[in-house]
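Me: I'd like to go through this model with you, one question at a time. Could you walk me through it?

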Amino acid sequence: MLEIKNLHARIGDAEILKGVTLTIPDGEIHAIMGPNGAGKSTLSYVLSGRDGYEVTEGEVLFNGENILEMEPEDRAAAGMFLAFQYPVELPGVGNANFLRTSLNAIRRKRGEEELDAVAFLKLARGAVKQLAMKEDFLKRNVNVGFSGGEKKRNEMLQMAILKPHLAILDETDSGLDIDALKIVAEGVNTLRDEKFSALVITHYQRLLDYIVPDMVHVLAGGKIVRSGPASLAQELEASGYAGLEAA
Amino acid sequence: MSMTTEATINELAAQKYKYGFTTDIEMEEFPKGLSTDIVRLISAKKGEPEWLLEWRLKAYAAWLKMEEPEWARIHHPPIDYDALYYYAAPAKAMPKSLDEVDPELLKTYEKLGIPLNERAALAGVAVDAVFDSVSVATTFRETLGKAGVIFCPISEAVREHPELVRKYLGSVVPAGDNYFAALNSAVFSDGSFVFIPKGVRCPMELSTYFRINARNTGQFERTLIIAEEGASVSYLEGCTAPMRDENQLHAAVVELVALDEAKIKYSTVQNWYPGDADGKGGIYNFVTKRGACRGRNSKISWTQVETGSAITWKYPSCILQGEGSVGEFYSVALTNNRQQADTGTKMIHIGKNTSSTIISKGISAGHSNNTYRGLVKIMPGASGARNFTQCDSLLIGDQCGAHTVPYIENRNASAKVEHEATTSKIAEDQLFYCRSRGLSEEDAVGLIVNGFCKDVLKELPMEFAVEAQKLLAVSLEGSVG
Amino acid sequence: MNALPTRKLEAWRYTDLRPLSAISFGTPPVAATAPDLPDLPFPRLVFLNGALNSALSTGFTHAKPFAPFAVRGTQPMALINAEHAGEGINIEIPAGQDAGELLLVSQASGTAPFAFHPRHRVKLGQGAKLTLIELDKGEGTYWQNAMFEVEVGQGAKFQHFRLQQESTDAFNTTSIHADIAGDAAYEHFSLTLGSKISRTEIEANLLGQNALAHLNAAQLLGGTQHGDFTTIIRHKAPNCPSRQTVKSVLAGRARGVFQGKIEVDQIAQKTDGYQMSQALLLSPDAEMDIKPELQIFADDVKCSHGATIGALDEEQVFYLRSRGIPEADARQILIRAFLEEALEPVTHDASKALFEEVLESWWGRQ
């Protein structure tokens, strides 16, 4: 369970988050929508522990533990996964090697046994197949020369292999065609069970046609200004965000 | 290159330099040659205080011991410094107001497209007109004065604001900085002085228009711009000269000082006479320009469009001293016929989190040589410094040269320096595409060259961007392919 | 002796040889220790303190007796080399022959400072092939000032892989002058780990159509080491490609230098020149100086260079950490990926394996 309580955060002198409160129980998928500049990406980066964001107030509990003091890798080991809006290219780092290193680092921290190369490849190939990706995906360098769609698929592949308890999808749908969108949705939907939860950050409603959320929250001006069931997304699509920002 | 292109090029090359006329006016000239006497004479003529004369004499003594730099990729016969006039000015005394300016001079500037009459002037641009060795008129002084902005000939500033001049003159480019700067320090006769006091945004564009008219005369102007805390100013200079068979020397010095949060934007459209198609005549443009970002978050931005001069030797630079200060250099250098350009910038990162951007576009045509020479230096204390450099060269015809000589020195691990350079010719398929849409080859080349320079041209104040585009097209004439 | 170049010379502005000139070098002593030779199944020529040791060498079919020859290069160090009648290899591969691999080993050791000036000549006839693997090692204070005169005949291919692991009290200056005929290729890769001060200076002349030059290098330097890789590629014929990737990893107070000039003559239309230099500064006191240079007199050319200097990309570090990889490991992965890329131009498997092993052990020491 993720509990965000009165979260305030700033970049430099600019306060971006001005008191975000939000709870995502296990097994639920919540969507955050909102206009550009509302603080959506800031929220995802603060949750995953990126430098440059200063939390001035509030706390974030993940399964009862305050994560704000944790290093990014410890958050990953705790079961959080951030799907990046702009996945980073790693020239010279092979995809398979990267994934195995990540998986084993997480397993080690959890006191689980590390996977050997054979066992890992079996797992990875399975995931690649399930995501309808070409097998050479594993041999290529991480995100180098990938198309926008391929990068997002690669994020889903990582998620499938690392099996997080909480996935944060930061505008993963931006710039995707409908097929890629479905793959992202499927990536989330296959993980769906009573232990898994997700925070889907998106500007558009269309991703939510494929990942039906349990709740939709509207983030505007650094605060949650409205929350409601999945139908709220359709409503916003029709009426836009105007009028919400002032709230 | 197709035959038509070749033909177009030759045709275009034959076109005349538009500003090549001379003004017939009575001049006062000092005797030819350089000596301490001439330096004293210039200083006396300007009614300068003793300290400035001393400064000049020191510079002269330093110059005598120096040698002309040889590292640039430029070639010219030795300059006979004793065959030059170091001071030439219209004989009539400095007019007190525009109404008193010699009508011949007003006509000259009108012909150049720079009307000095305020009613006819470009809206929102104040102009200081420098004719050979002296400033002949400065417009909109009253409007500027109300805002607290000082914009006047530097010779006047020496008299009216000696404390400011004394404090800043030579503080960015010391008198003995280099051969041509030393020469300038010894004999500079005029130029512009700009002072923007604390917190003031200069209400209009400032502009100096330099004109060399007299024969065998060197022009040695000196410009000093100071922006105090939080001040900002946009300044533009333009330059032209008559068509003469002999080469003429222009050795200017420009110093900029930006204090905390101040911003100075300095734009140049340099269109000195480039010489004829065979390389006869033209200006030797040997200029030292440097800005000091002394204050926190200060910013100095150089934009230059260099199409004129037989030889250009200039490296507008930034000393990024203040924390978070920003330096920019946007340059288009176009050489045609026998022109030579060796130009670029130096970005010296001293303060923390300083950043610099260099965008240089070189276009070589005809038998010309065009060199980008630049230095990016990150000092040990410049943590978090950033530099991005892009320098592209375009070759038109197979008789010209395009050269790139960047120096990149990084002594701070947290700094990040990125440099990219490309050299190519105008793509045949681009040309063909344009032509198949009905453009003439010449227009197509003009279009493509303008596109190539877009990242730089968009940095110019709007009024001048259009002018610069036209200038590029005109300068390419006779070269295009 | 010709004077050592000083920093007043433009080409030497970043490399100061005063520490070298401060030492008085004697003649090489008779070598006492035998080198540990790499386990590579190739013919080898072994030089101890600059002298060919026949007992340790296997001989090579195409090796001729050493004979001094006139130096064509104008590099200052080559001129100094020319004054000293140092021994060297003299290889001539006849037309059409694939001579396979040859190991060139130089081992230096002595108690007092000494200098040696190997003068090597490698000539490949039309269509010939040779892969030369050069290993430089040593102990103590010495100066190896080597030069190579390389001629690659029409359609021939010369691969030249160097592993420079001289003593960190030693100096290595190597000048290479290569003439490359039409359709021929000179593929060079230098891995520099050793020496107090080193400089590799290559002039490669592309003399016929489709001649190719690859001048690649990686420098891994720590302590107060100084490594300089300086090249000039002269495109003197149309349609020639040239490629360069130069990577430097600098720790401690090390200083890396790369100067790469590409000259394109008027005749050299359709030149395709590409050059990339990247440096990773691992410590606040490391320094990198780069001077890529283009001098172009032909219009139908494609030439570009890129240069980056910086620390590790924090975005990348964060990305790895967000996937659960601890920070120290994340940094190590990224540095090794950087080096891995540096080895990409090495297309010869045995050489690549050798280089990888060396990188591994260098990394272990940092």
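Me: Let's begin with chain C: what share of its contacts between residues at least 6 apart in sequence join residues at least 24 apart?
Reply: Happy to help! A contact here means heavy atoms within 4.5 Å. Among the contacts in chain C between residues at least 6 apart in sequence, the share that joins residues at least 24 apart is 84%.

Me: Before we go on, what kind of model is this, and how are things numbered?
Reply: Residues are numbered from 1 along each chain as its sequence is written, chains are lettered from A and ligands numbered from 1 in the order in which they are written, and side-chain values use heavy atoms, with hydrogens and water left out. Local features need pLDDT of at least 70, side-chain atom pairs count only at pLDDT 80 or more, and totals for chains, interfaces and linings use all residues, as this is a predicted model.

Me: What radius of gyration does chain C have?
Reply: The radius is taken over C-alpha atoms, and the globule rule is 2.2 Å times the number of residues to the power 0.38. For 366 residues, a compact globule would come out near 21 Å. Chain C agrees with that, at 20 Å.

Me: Which strand of chain C, with five of its six residues buried, is largely enclosed by the rest of the structure?
Reply: Chain C has five helices and 19 strands; helices (H or I, at least four residues) and strands (E, at least two) are DSSP runs, numbered from the N terminus. Buried means under 20% relative accessible area, exposed over 50%, and partly exposed in between (1.4 Å probe, protein chains only). In chain C, 60% of the 366 residues count as buried. Five of six residues are buried in the strand at residues 119-124, so the rest of the structure largely encloses β6.

Me: How many bridges join β6(C) to β8(C)?
Reply: Two strands pair if DSSP finds at least two bridges between them. On one side, β3(C) (residues 90-93) runs parallel to β6(C) with four bridges, and Asn90(C) has Arg121(C) as its bridge partner. Strand β8 (residues 142-152) of chain C also runs parallel to β6(C), with Arg119(C) opposite Met147(C). The number of bridges joining β6(C) to β8(C) is six.

Me: What percentage of the area that chain B exposes comes from carbon and sulfur atoms?
Reply: Chain B comes to twelve helices and 23 strands, and 63% of its 481 residues count as buried. Accessible areas come from the Shrake-Rupley method with a 1.4 Å probe; for residues, only the protein chains shown count as cover. Chain B exposes about 17,700 Å², and the carbon and sulfur share is 50%.

Me: Is Val200(B) buried or exposed?
Reply: Val200(B) sits in the loop between β6 (192-196) and β7 (205-211) of chain B. Leaving out residues up to four places away in sequence, its contacts are Ala147(B), Val149(B), Gly230(B), Ala231(B) and Ser232(B). Its C-alpha lies 8.7 Å from that of Ala227(B), 27 residues away in sequence. With a relative accessibility of 15%, Val200(B) counts as buried.

Me: Which are the edge strands of the open four-stranded sheet in chain A?
Reply: The strand order is β2-β1-β4-β5, with antiparallel pairing. Eight bridges join β1(A) (residues 2-11) to β2(A), and Leu7(A) has Val20(A) as its bridge partner there. The strands that pair on one side only are the edges: β2 (14-24) and β5 (65-66) of chain A.
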